[in-house]
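Reader: I am in my first year of study and would be grateful for a close look at one part of this model. May I set out my request once the structure is shown?

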There are 2 protein chains.
Amino acid sequence: MKLSNKVEAMQFSPIRKFNPIAQKAKDAGKKVYHLNIGQPDVETPECFMDAIRNYENKVIAYAESGGITDLQDAVSDYFKTYGMNIGRENMIVTTGGSEALTMTFLSILNEGDEVLIAEPFYTNYHTFATSAGGKVVPITTKAEEGYHYATREQIEPLITEKTKAICCINPGNPTGTVLTKEEMKLIGDIAKEHDLWIIADEVYREFAYDGREAVSFGQIAEVEDRVIIIDSVSKRFSACGARIGFLISKNTDFIANVMKIAQGRLCVSTVDQVGAAALFRLPKEYYEEVKAEYCARRDVVYEELMKIPGVVGQKPGGSFYLTAKLPVDNIEDFLMFLLTEFDDNGETVMFAPAEGFYATPGLGKDEMRIAYVLNQEDMRRGVELIRLGIEAYNKR
Amino acid sequence: MKLSNKVEAMQFSPIRKFNPIAQKAKDAGKKVYHLNIGQPDVETPECFMDAIRNYENKVIAYAESGGITDLQDAVSDYFKTYGMNIGRENMIVTTGGSEALTMTFLSILNEGDEVLIAEPFYTNYHTFATSAGGKVVPITTKAEEGYHYATREQIEPLITEKTKAICCINPGNPTGTVLTKEEMKLIGDIAKEHDLWIIADEVYREFAYDGREAVSFGQIAEVEDRVIIIDSVSKRFSACGARIGFLISKNTDFIANVMKIAQGRLCVSTVDQVGAAALFRLPKEYYEEVKAEYCARRDVVYEELMKIPGVVGQKPGGSFYLTAKLPVDNIEDFLMFLLTEFDDNGETVMFAPAEGFYATPGLGKDEMRIAYVLNQEDMRRGVELIRLGIEAYNKR
């Protein structure tokens with residue numbers, strides 16, 4: 001029996017690839033600082049489990065395919081604070097942002113169709129696009145330019161008759177780059193001129209620092225019929241294991257068709273939805289507190305990183321990631337060194353090699369991604385270990 | 001902006017199509033007996049919510065992509081009672097049986113590939129196969145023959161070079177038909193001869209009546225490398241809203257490749273997995289009790305149904321569905337009559353018209369599916385209302 005071409009074209013997670021080696025280091029007694037995955041140590045607000053604990057139904061029944069109305073209404077209220085009028089009819093609750101992306105690609109891509117995405121990009125976009133028979137076409141960005149991509153010169157030459165959408169994750173993963181309002185407007189103009197969908201992955205919406213405003217592509221009225229917002233409770237509420245996401249659009253034809261897929265898979269976890277509804281009723285101060293904490297972590301990471309001679313990168317404006325060039329030839333080789341040969345007082349560190357985030361072969365070989373999801377002290381020590389590791393690595 | 005051919009080829013749920021009309025009847029004060037959907041009224045065992053209530057982690061974090069080990073081990077122990085040796089490496093926990101089916105089709109079907117499925121069939125197979133670019137080829141079965149399909153004469157002429165798998169839901173939805181061990185063996189032989197995967201959807205495994213043994217395709221050693229088992233907690237534990245399913249196979253190449261998709265969507269709900277692990281630790285008596293209850297409901301339904309002159313159908317051997325021919329020309333027209341014109345003491349009834357379960361145009365126009373998911377008294381009254389409805393309908 002054969003497997004499909006699609007599944008064979010998919011790749012294993014480059015983020016998880018080094019896990020067995022890290023496990024070996026830990027088994028050997030080393031402490032490993034995990035700066036490699038986006039799993040925050042921030043506590044999930046207690047209201048999530050409280051709401052679930054209070055759920056009294058005797059039968060854990062199917063929920064509505066588009067989501068339970070209580071959650072939909074809480075999300076609707078949340079978007080009102082952004083001046084956006086998102087009704088129940090504009091949203092489908094999904095199993096994480098992942099399912100929202102899968103459903104989106106499946107609904108807009110035919111075999112061989114293309115989606116523009118700035119590289120380095122969140123690798124699973126490749127998996128989701130491939131699942132739908134489509135292809136990611138990268139807009140290449142550079143560490144030296146803070147990974148910015150929103151110019152006409154960078155985007156337009158890549159548009160072909162196969163291009164169906166431009167996908168913007170804003171604030172960005174893995175780079176932490178944040179689009180300006182002017183850049184968003186320009187992307188809107190380009191999408192309109194070339195009749196493209198805008199897939200706006202905004203799961204890090206509130207994590208925009210240094211006075212940057214939290215924004216949404218849904219606020220640009222001129223393109224609201226072509227914007228598909230991907231959202232999730234995972235990062236915003238540090239509830240990654242809750243698997244509650246959203247697909248939001250003012251395009252009723254799009255939502256109606258996605259509903260066929262949603263009905264096919266029946267529904268999203270009932271208890272997770274009950275918990276998520278409580279999360280969206282948290283006061284505005286919650287977002288401010290969490291943002292302040294991540295911003296402080298970013299500052300620590302950036303400060304420590306700049307102590308490394310030869311590092312290239314700009315201070316990221318949002319999310320909780322940072323991508324930078326290190327003064328090493330081969331980042332995977334360096335990571336292997338950190339996990340197998342290096343330690344400082346029995347401690348070492350792990351990051352995500354950025355090569356897997358690039359679609360263009362050969363790029364990213366000297367870049368790493370850090371997720372600043374640990375407390376400030378751990379983040380400082382983690383980056384210090386990278387610095388000490390580089391010194392030891394280049395001295396060999 | 002255009003939508004994809006795939007999503008446009010999908011259909012809306014034929015089971016949910018009449019919901020708005022039923023709602024209108026209810027708004028007008030009628031009581032509607034819902035025999036149309038597979039949402040049981042059986043209480044979810046309390047251990048599910050108890051385990052979740054006791055979950056103390058402060059961070060609701062990502063689970064392992066293949067599932068939490070505690071759940072995997074509980075499932076492994078469950079399969080030991082079937083004499084099957086299913087280890088962690090043979091399973092991937094999924095978001096319901098739905099995701100298990102989606103991942104399976106995506107992993108084995110190329111554009112235009114075919115899967116054999118007995119019709120009438122669970123309509124969402126069509127959605128999942130279409131998502132993957134594949135196609136369902138129906139093995140047509142008949143009410144007069146109890147919807148049996150497992151003969152060489154019925155199956156072999158349908159096999160082409162495009163056929164990649166035969167999918168058996170056993171016990172069946174929507175027919176309740178149960179395969180004999182000889183029939184399973186024959187399907188195994190055919191799959192081997194024609195190099196096909198066997199997709200064994202066994203979510204109703206324990207619901208086999210009249211002395212029939214609960215069995216699995218995984219027990220047939222000669223085909224264990226080509227069997228993909230789809231499983232779920234939804235029906236077995238009346239936990240449809242928990243969205244916990246499983247994809248199980250001894251084919252390590254298959255599991256390794258599906259893991260790429262599993263990693264792409266990150267993980268399944270953490271709290272649902274915690275609850276599901278408790279469900280799989282229920283004693284064997286739980287299954288016996290639930291089976292006895294459904295069997296009694298089936299007996300009531302069948303007894304009442306046989307009071308209707310002209311009805312054609314056999315007593316189903318398993319699951320909690322029954323499909324039968326009614327003495328009406330057009331089943332959808334009859335259902336519309338029941339919901340809009342008919343009542344008996346202010347009560348009416350709803351079933352699923354079977355036409356949507358057929359891939360062959362024109363079939364099923366006089367057939368209905370009943371889900372015997374309500375208590376015996378309600379089931380008896382529901383079928384009585386069908387009988388009274390037919391009398392009124394044919395008298396017009």
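With which residue does A:Arg281 form a salt bridge, and how far apart are the closest N and O atoms? I should also welcome an account of how this part fits into the rest of the structure.

Author: Please bear in mind from the outset that this is a predicted model. The partner of A:Arg281 is A:Asp70, and the closest N and O atoms of the salt bridge are 3.0 Å apart. A:Asp70 belongs to helix α4 (residues 69-80) of chain A, whereas A:Arg281 sits in the loop between α10 and α11 (284-305) of that chain, so the pair ties together parts that are 211 residues apart in sequence. As a general principle, side chains of opposite charge can pair when their charged atoms come close. Over all chains, the structure holds 62 salt bridges.

Both residues of this pair also fall within a stretch that carries an annotation. In UniProt, an unreviewed entry assigns "domain: Aminotransferase class I/classII large" to residues 31-384 of chain A. Across residues 31-384, chain A is 34% helix and 17% strand, and the C-alpha atoms at the two ends are 14 Å apart.

The interface of chain A and chain B offers a contrast, for there the rule finds zero salt bridges. Polar contacts, however, do join the two chains: 41 residue pairs are counted, with both residues at pLDDT 80 or more. On the side of chain A that touches chain B, at least two residues come from each of α1 (5-9), α3 (46-53), α5 (96-108), α6 (124-131), α9 (252-264) and α10 (270-279). The largest share, ten residues, is supplied by α9(A). By character, the residues on this side of chain A comprise 35 nonpolar, 25 polar and 20 charged.

The extent of the contact may be stated in two ways. Chain A contributes 80 residues and chain B contributes 79 residues. The area buried between the two chains is about 6300 Å², with carbon and sulfur atoms giving 56% of that area. Of the area that chain A buries against chain B, 13% is supplied by A:Met1, A:Tyr62 and A:Lys260, more than by any other three residues.

The arrangement of the two chains can also be described. Chain A is superposed on chain B by a rotation of 180° with 0.0 Å of shift along its axis, at an RMSD of 0.0 Å. That is the relation of a two-fold axis. Within chain A, the C-alpha of A:Arg53 is the nearest to the axis, at 2.6 Å. The same surface serves both copies, since 99% of the contact residues of chain A recur in chain B.

Finally, some details of the backbone deserve attention, and they too lie in loops. A:Asn170 and A:Pro171 are joined by a cis peptide bond with omega about -10°, and A:Pro171 is found in the loop between β5 (163-169) and α8 (181-193) of chain A. In chain B, the peptide bond from B:Glu119 to B:Pro120 is cis, its omega being near 0°; B:Pro120 is located in the loop between β3 (114-119) and α6 (124-131) of chain B. A:Arg243, a residue other than glycine, has a positive phi near 50°, and A:Arg243 occupies the loop between β7 (227-232) and β8 (245-249) of chain A.

Methods:
Residues numbered from 1 in each chain as written. Chains lettered and ligands numbered in written order. Predicted model: local features only at pLDDT ≥ 70, side-chain atom pairs only at ≥ 80, totals over all residues. Heavy atoms only, no water. Contact = heavy atoms within 4.5 Å. Buried area = accessible area lost by both parts, 1.4 Å probe. Salt bridge = Lys/Arg side-chain N within 4 Å of Asp/Glu carboxyl O. Polar contact = N/O pair within 3.5 Å; in protein donor to acceptor, adjacent residues only side chain to side chain. Helix = DSSP H or I, 4+ residues; strand = E, 2+ residues; numbered from the N terminus. Nonpolar A, V, L, I, M, F, W, Y, C, P; charged D, E, K, R; others polar. UniProt positions renumbered as here; feature names shortened; annotations may be inferred. Least-squares fit on C-alpha atoms with pLDDT ≥ 70 in both.
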